[in-house]
Amino acid sequence: MKSEETPFEGGPLDGRVLPILLGPTGHPPKVYRVPVPDGAGGPPTVLVYRRVQAGASRRLGLHQGWKYEYDPTGGSGRLRWPWSKPDPAPEPGPGTEAGGGPDATPDGKP
């Protein structure tokens with residue numbers, strides 16, 4: 001399999017360049033997860049990096065390669081198919097009104 005030297009920006013891997021395996025299309029994966037073992041023997045911490053364009057040429061704006069940027073939120077990074085169920089809505093916290101049933105108007109009054 002082919003690999004490509006890909007730079008990492010942000011997070012613990014900032015400034016490192018690692019060989020990343022390329023997929024069948026010749027691109028590295030969109031999301032790169034790095035499991036970091038816990039020193040106390042607990043579950044590993046997973047660092048999430050997202051693929052972004054490294055740059056574009058001046059004149060024609062052609063693609064110049066890829067780099068990975070650190071995602072501190074560690075989002076799911078899963079594919080969203082059109083037939084997938086939407087993510088569950090967050091439940092209202094304390095001090096917020098849970099108004100707005102099916103008969104409610106846009107201002108929240110029934």
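Student: In which strand of this predicted model is Thr-6 found?
Tutor: The model is a predicted one. Thr-6 falls within the stretch of residues 3-9. That stretch is strand β1.

Student: Is Thr-6 buried or exposed?
Tutor: The relative accessible area of Thr-6 is 0%. The cut-off for the buried class is under 20%. Because its value is 0%, Thr-6 is classed as buried.

Student: Which backbone oxygen does the side chain of Thr-6 reach, and at what distance?
Tutor: The partner of the Thr-6 side chain is the backbone oxygen of Glu-4. The separation between them is 3.1 Å.

Student: Which residues does Thr-6 touch, not counting residues up to four places away in sequence?
Tutor: One group of these contacts consists of Arg-16, Val-17, Leu-18 and Ile-20. Strand β5 covers residues 66-70, and Thr-6 also touches Trp-66, Lys-67 and Tyr-68. The full list is therefore Arg-16, Val-17, Leu-18, Ile-20, Trp-66, Lys-67 and Tyr-68.

Student: In what order do the strands form the open sheet, and which are the edge strands?
Tutor: The protein chain has 0 helices and 5 strands, and along the sequence its pattern reads β-β-β-β-β. In the open sheet, whose pairing is mixed, the order is β2-β1-β5-β4-β3. Pairing on one side only marks the edge strands, which are β2 and β3.

Student: By how many degrees are neighbouring strands of this sheet turned against each other on average?
Tutor: This average ignores the direction of the strands. For neighbouring strands of the sheet, it comes to 35 degrees.

Student: In which sense do β4 and β5 pair, and over how many bridges?
Tutor: Strand β4 spans residues 45-53, and strand β5 spans residues 66-70. Within this pair, Arg-51 has Tyr-68 as its bridge partner, and Tyr-49 stands opposite Tyr-70. The pairing is antiparallel, over 5 bridges.

Student: Over how many bridges do β3 and β4 pair?
Tutor: Here the sense is antiparallel. One residue with a partner in β4 is Val-31, whose bridge partner is Arg-50. The number of bridges between β3 and β4 is 6.

Student: Why does Phe-8 count as buried?
Tutor: Phe-8 lies in strand β1. A residue is buried when its relative accessible area is under 20%. Phe-8 therefore counts as buried, since its relative accessibility is 1%.

Student: What is the C-alpha to C-alpha distance between Phe-8 and Tyr-49?
Tutor: Phe-8 and Tyr-49 are 41 residues apart in sequence. They are nevertheless in contact, Tyr-49 being among the partners of Phe-8. Their C-alpha to C-alpha distance is 8.0 Å.

Student: Which residues make up the largest nonpolar core?
Tutor: In soluble globular proteins, nonpolar side chains tend to be buried together. The largest nonpolar core of this model has 7 residues. One of them, Leu-13, touches Phe-8, Val-34 and Tyr-49, among others. The members of the core are Phe-8, Leu-13, Ile-20, Val-34, Leu-47, Tyr-49 and Tyr-68.

Student: Where is Gly-11 found, and which residue lies 59 residues from it along the chain with a C-alpha separation of 5.5 Å?
Tutor: Gly-11 is found in the loop between β1 and β2, and is partly exposed, with a relative accessible area of 35%. Its contacts, not counting residues up to four places away in sequence, are Tyr-49 and Tyr-70. The residue 59 places along the chain, at a C-alpha separation of 5.5 Å, is Tyr-70.

Student: What is the relative accessible area of Pro-29?
Tutor: Pro-29 is placed in the loop between β2 (17-21) and β3 (31-36). Leaving aside neighbours within four places in sequence, Pro-29 is in contact with Ile-20, Leu-21, Arg-51 and Tyr-68. Pro-29 is partly exposed, and its relative accessible area is 33%.

Student: How many Å apart in space are Pro-29 and Arg-50?
Tutor: In sequence, Pro-29 and Arg-50 are 21 residues apart. In space, from C-alpha to C-alpha, they are apart by 8.5 Å.

Student: What percentage of the residues of the protein chain count as buried?
Tutor: The protein chain has 110 residues and exposes about 8,800 Å², of which carbon and sulfur atoms supply 57%. The share of residues that count as buried is 15%.

Notes. Residues are numbered from 1 along each chain as its sequence is written. This is a predicted model: local features need pLDDT of at least 70, side-chain atom pairs count only at pLDDT 80 or more; totals for chains, interfaces and linings use all residues. Side-chain values use heavy atoms; hydrogens and water are left out. Helices (H or I, at least four residues) and strands (E, at least two) are DSSP runs, numbered from the N terminus. Buried means under 20% relative accessible area, exposed over 50%, partly exposed in between (1.4 Å probe, protein chains only). Contact means heavy atoms within 4.5 Å. A nonpolar core is a set of buried Ala, Val, Leu, Ile, Met, Phe, Trp, Tyr and Cys residues joined through side-chain atoms within 4.5 Å. A polar contact is a pair of N or O atoms within 3.5 Å; within protein, one must be able to donate a hydrogen and the other to accept it, and residues adjacent in sequence count only if both atoms are side-chain atoms. Two strands pair if DSSP finds at least two bridges between them. Axes are lines fitted to C-alpha atoms, for helices over the stretch in contact, and angles run from 0 to 180 degrees between N-to-C directions. Accessible areas come from the Shrake-Rupley method with a 1.4 Å probe; for residues, only the protein chains shown count as cover.
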